[in-house]
Structures are given as structure tokens and as C-alpha cells.
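Hi,

Here is the structure I promised to pass along. Have a look at it first, and then read my notes underneath.

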Amino acid sequence: MMLGSGMAVADNPHKEAIEGPFAAGTEVTQQCLACHEDEAHDFMKTSHWSWSLTQELPGRTVERGKKNAINNFCTSIAGNEPRCTSCHAGYGWKDSSFDFSDASKVDCLVCHDTTGTYIKDPAGAGEPLAKVDLEKVAKNVGKPVRDNCGSCHFYGGGGDAVKHGDLDSSMAYPDKTTDVHMDSDGNDFQCQACHTTESHAISGNAMGVSPGGIDHIGCENCHDGAPHKNKKINEHTATVACQTCHIPFFARNEATKMSWDWSTAGQDREETLDEYGRKTFQKKKGSFTWGKMVKPAYAWYNGKAGAYMAGDPIKADEVTRLSYPLGDIQDAGAKIYPFKVHTGKQIYDKKHNILATAKTYGAGGYWTEFDWDKAAKLGMEANPTLTAKGISYSGEYGFAPTEMWWRINHMVSPKEEALKCNACHNGGDRLDWKALGYEGDPMKTKQGPRHNKAK
């Protein structure tokens, strides 16, 4: 029987080396360590394990990652670990006491399963579902494929396509129109074709959680810096990222969440669906909007970004940007990139004037008791960043607007479907020239050639 092109194949049979049965994932890892201890310790040095990186943000150096970032989905993993850490490549991260130095907690199978049967418990702190045949999976490990990476990255934020917009279940076996690189009947790239890996360190950083990350992946890794036959188009590459023209839409097949308003949560009204079959209201989560075939937002980006950190002051009547690109028209290192901008309205502490981290999942959580005071108190008590600063819940809360910027890199269209000149120029409205710092369409104002303002 021939295997599908995207299905993983065990290239290093472990049938003779592995002895089951296994009652827990850690028992599998113990056997993996007998031969692969160095690999486990390499992995434990990466942000896939630590969910944190030392990063440079404007004016400060911080430790930041999924571990402590405030987001506008479920606010933070603090206090919500068993649910949020179901996507951690480890076992047992139930609270802040998790031992990151314990190699037996590394989950080798989530990345190396080739059977398609390894499934994490959605609220199990990284443990697999009880029905998984761990011995079968362990005896059939191999190199990762899109399905392995996608088991977490396609479903971030609580469901298929929720978070990124350019990563969802349709990317497991995409057609050419969805992604010309990963087209399962064409180039059939696996994720590591671009996200090159050395000693288990995978290249690439998501700007939302790693805004100061500098481990970027560029199209120039494979493509010439001047790839077009047309000289005028090649000149664009000095100021316009490849993604801007070659990813005209994201969320091509699955609708992605574009906004989340927590302030309406708790209301006793009917749960509703939109034209995509997506929920637009849930009592425990509030109100949402979704988008499909979405045009990106565009901004200058120089490879660095800013971010909100727990405890930073906010102005409740202004939008707090939780992550955002840095760069402008005067920045010689910046280019115009496409983004998904996810907007939110989330709980904040009125007296401290900071965003709160709410406990949503589990005992005392909002989803159980619909009590924002209790959720804020428990969530902020569980947040190590806030407790280290001596900040606890004041007893007064409100809701404030937020936004997160997510850079769009996937769902690259075939060249025939790339944006044409008139999408942006000669009356085209794809780019807001004035918002980008131009006086108008630079083809008409002759503003340029780089970022110099017309005189």
C-alpha cells in the first residue's frame, strides 16, 4: 500500500529497541533517553521547551514567551496551565512548579509520531489521551511532517485557525492555491524545509510571543534577492516584503478569529453562529468576529517588535498593543509586511491600571463560576511576573481594548495569483499610502526611491 505524500514514514525503526506496554508518556521518554539523552537535553535548551526567550524590547531586556505573555485570547497561561499546556512538548506542566530540568518530562512522541494516532488530552497538561497506544506510537517514530507541527500550531488559541490566520488544518494537505510551497501534489514542503533545525533548535519566531526574537526566516534563504524578470518589480524588494505581494489573502479555507470581546461574557443569551458556522457568542467566552479570505493589514517592519508585559501600565480608554511591529518609512531596515491584526476587549485591574491575567479554566475559573472577581484574583496570584512585582488583584476590574499583530508568512499563492501593480497603484486601495508615511501613491508623487520624503 502506498502512503500519502504528507504521511510520516518511520525512517529509523524502533520496534526492536522499544519494550512496552506503557502507562504514561514519561515511561516512553525514559526508554528514549537510553539512546537519545543528548537530543533531549538539546531540546530542553529551546523555546519549544521553555516557552520563553531572553529578548530585547524597546528600552529593556525581558524574558518572554508563551510562558508569560499576555494575549487577547484567554489572557495568559498563568492559572490555566492544564488547558493551555496541552500543547507543550512535555508532560505534566500543571502549574508554576513544573520542573523544566527533568528530561523525563520531554514529549518525544508529539513531534515524531508517524501513526497519526497520538493525541494530547485537551486539558491534560500535555499528557496523551488514555486511548493512545503508546507502545505502537513509540515503535513507529520518524521525522516530523506537517501534521506533527500542526497538531499544536494549527489549533492555537483554542481551535482550528483561531490564532494565526495563515496556519490551520487546511495546511496539512494543502492544494497549490492554498500554499504553493506545501502543495501536497506539488512541492510538498514539510515545515522544516524552511524552519531549518539544528540540535532540535527550530528556526523562526512568532512575533506575537517572541517580538524581540531575531531568528527570522527569509524568502532569500531559497530565492534570489532580485527574482523577477521585470527590473521595476525587483526594485520593490528594497521596501516591500515578498509576502506582501505573494500572500494576498489569509484564512483561505478556514475562518480565523478576528476579534474577541470578553466584556459580554456571562450574559444569558442564545449562542449564535455566523455564515462560516463559527460561534459569534458564547456565555463563557463573550463575543467574536471571524473572517475568511481576509486581506492583511500592512505596516513597516524592521525585524523587531514591541510588546506589552505583565504589570505594564495601560490607558483604559486607548487600545493597548500586546505585540506590534517596529519600523517606519524612514527606517532603512524596514519593509512593508502583511499582518493579521486581532482585536480584543479584556479584563484589567482598575486601580493598578494594568491588564489582569484571569483564571478561566478549572476550579474557581471564570468558565466554571462566571465570577470575574474570583477569576482575576486567582489568575493574578498565579502569575509569577505580577507576584514578583508585589502586585495582587485590587478588587476592581473593567474591560479595555487590545490588539495583537501576527505576521503573515504562510499561504503563499502561485505567482499567477500574486498582487498586480494596480492593486496598490493607479487607484488601487490595497495599501493605505498615507498611513504608511507617503504623501500618496508614490508612482504619482515620485516619493522615494527608498524611504526619503519628497522634497
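Below is what I found, starting with the whole chain and then going residue by residue.

One thing to keep in mind while you read: this is a predicted model.

**The whole protein**

The protein has 12 helices and 14 strands. How does its radius of gyration sit with what a compact globule would have? For 455 residues the globule value would be near 23 Å, and the protein has 23 Å, so the two agree. If you want a feel for the dimensions, the C-alpha trace spans about 70 × 60 × 45 Å along its principal axes.

On burial, 48% of the 455 residues count as buried. The accessible surface comes to about 21,600 Å², and carbon and sulfur atoms make up 52% of that surface. As for contacts between residues with a separation of 6 or more, 69% of them involve residues 24 or more positions apart. On the charge side, there are 52 positive and 59 negative side chains, with the centres of the two sets 6 Å apart.

**T357**

Find the loop between β13 (354-355) and α9 (366-369), and you'll see T357 there. Is T357 buried or exposed? T357 has a relative accessible area of 0%, under the 20% cut-off, so T357 counts as buried.

The side chain of T357 has polar partners too. One of its polar atoms lies 3.2 Å from the backbone oxygen of G379, and a polar contact of 3.4 Å links the T357 side chain to that of N383. If you leave out its neighbours within four places in sequence, T357 touches I70, T75, S76, A375, A376, G379, M380, N383 and L386. So G379 and N383 turn up both in that contact list and as polar partners of T357.

**Helix α6 and H14**

Which residues of helix α6 (residues 146-153) are buried? They are R146, N148, G150 and C152, and the buried residues of α6 pack against α4 (109-112).

H14 sits in the segment before α1 (25-43). With a relative accessibility of 15%, H14 falls under the 20% cut-off and therefore counts as buried. Its contacts, setting aside neighbours within four places in sequence, are with H36, A138, K139 and V141.

**The cis peptide bond**

P21 is also worth a click, in the segment before α1. The bond joining G20 and P21 is a cis peptide bond, with omega about 0 degrees. Most peptide bonds are trans.

**K335**

Strand β12 (residues 335-349) is where you'll find K335. Its relative accessible area is 21%, which makes K335 partly exposed because that range runs from 20% to 50%. K335 and T244 are 91 residues apart in sequence, yet their C-alpha atoms are 9.5 Å apart in space. The contacts of K335, again without neighbours within four places in sequence, are with E220, T237, A238, T239, V240, A241, A299, W300 and Y301.

**S199 and H200**

Last, go to the loop between β3 (197-198) and β4 (201-202), which holds S199 and also H200. What is the sign of phi in S199? Phi of S199 is positive, near 50 degrees, in a residue other than glycine. H200 is not a glycine either, and has a positive phi of about 70 degrees. Most residues other than glycine have a negative phi.

Both residues count as partly exposed: S199 has 46% relative accessibility, and H200 has 29%. S199 is in contact with D42 and F43, leaving aside its neighbours within four places in sequence. The C-alpha atoms of S199 and H41 are separated by 9.4 Å, although the two residues are 158 residues apart along the chain.

That's the tour. Shout if you'd like to go through any of it together.

Cheers

Methods
Residues numbered from 1 in each chain as written. Predicted model: local features only at pLDDT ≥ 70, side-chain atom pairs only at ≥ 80, totals over all residues. Heavy atoms only, no water. Helix = DSSP H or I, 4+ residues; strand = E, 2+ residues; numbered from the N terminus. Rg over C-alpha atoms; globule rule 2.2 N^0.38 Å. Buried < 20%, exposed > 50% of the residue type's maximum accessible area, 1.4 Å probe, protein only. Contact = heavy atoms within 4.5 Å. Areas by Shrake-Rupley, 256 points an atom, 1.4 Å probe, with all protein chains shown as cover. Lys, Arg positive; Asp, Glu negative; His and termini not counted. Charge placed at Lys NZ, Arg CZ, Asp CG, Glu CD. Polar contact = N/O pair within 3.5 Å; in protein donor to acceptor, adjacent residues only side chain to side chain.
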